[in-house]
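Ready for a short walk through a structure? Open your viewer, keep the selection tool handy, and follow along.

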Amino acid sequence: MANKTISSIAKDLNISRARVYQIIDMLDDNEKPSKDSNDRYVIDDSVVNAIRKYYANSNTKDKQEKTSPIDDKVLDIMRHQLDEKDRQIEKLTQLLSQQQQLNLSTNRQNEKLLDTTTNNNPSKDDRPLQNDNRDVLKPTESNSKGVENKKPKKGLFGWLKR
């Protein structure tokens with residue numbers, strides 16, 4: 001029966017010395033090592049076996065806890081949340097599609113309006129605008145140099161342009 005040190009046991013089990021002390025504290029009273037006159041543990045083979053056995057059992061429990069399956073309630077909650085998120089994504093996708101269709105429709109209407117005003121194909125709404133000479137006068141004899149005579153516009157911000 002050779003006595004072992006805490007350091008040698010820690011090295012054999014590949015754990016820290018502090019962990020060996022923790023295991024010794026958790027051993028049953030009949031398995032705990034005795035102390036010598038210098039208050040150091042006297043560790044014989046039976047204590048080493050008890051430490052190894054305790055460490056192996058605690059290691060197995062830790063692994064089982066780490067790999068334990070998720071509780072069914074938690075799984076049901078997560079499934080419910082996932083279904084709800086799927087519904088929200090589908091709703092947002094529909095809204096986005098509608099918005100894109102509205103933008104496309106608006107762009108087409110704007111293009112049609114631009115085409116009708118640039119091609120001078122007057123519609124009923126465009127006719128009054130073509131006869132509006134308030135902004136720029138047509139060149140006359142007194143204005144033959146191409147200088148524009150603007151009449152001041154009346155309106156809310158007309159005073160800004162004076």
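One definition before the clicking starts: a residue is buried under 20% relative accessible area, exposed over 50%, and partly exposed in between. Bear in mind too that this is a predicted model.

Start with a cartoon view of the whole protein. You should find five helices and two strands, which run along the sequence as α-α-β-β-α-α-α. Now switch on the surface: it comes to about 14600 Å², with 51% belonging to carbon and sulfur atoms. Of the 162 residues, 13% are buried.

Next, the charged pairs. Side chains of opposite charge can pair when their charged atoms come close. The whole structure holds five salt bridges, and three of them make good stops.

**Stop one: D12 and R52.** Select both side chains and you will see a salt bridge with an N to O distance of 3.6 Å. D12 sits in helix α1 (residues 6–13) and R52 in helix α3 (residues 45–66), so the pair links parts of the chain 40 residues apart. Add K4 to the selection, as K4, D12 and R52 are linked in a network of salt bridges.

**Stop two: K35 and D39.** Their side chains meet in a salt bridge at 3.7 Å, N to O. K35 is partly exposed at 46% relative accessibility, whereas D39 is exposed at 55%.

**Stop three: D76 and R79.** Move to helix α4 (residues 72–118), where these two lie three residues apart, about one helical turn. Their closest N and O atoms are 3.6 Å apart, forming a salt bridge. Is R79 buried, exposed or partly exposed? Its relative accessible area is 48%, so R79 is partly exposed.

How values were computed. Residues are numbered from 1 along each chain as its sequence is written. This is a predicted model: local features need pLDDT of at least 70, side-chain atom pairs count only at pLDDT 80 or more; totals for chains, interfaces and linings use all residues. Side-chain values use heavy atoms; hydrogens and water are left out. Helices (H or I, at least four residues) and strands (E, at least two) are DSSP runs, numbered from the N terminus. Buried means under 20% relative accessible area, exposed over 50%, partly exposed in between (1.4 Å probe, protein chains only). Accessible areas come from the Shrake-Rupley method with a 1.4 Å probe; for residues, only the protein chains shown count as cover. A salt bridge is a side-chain nitrogen of Lys or Arg within 4 Å of a carboxyl oxygen of Asp or Glu.
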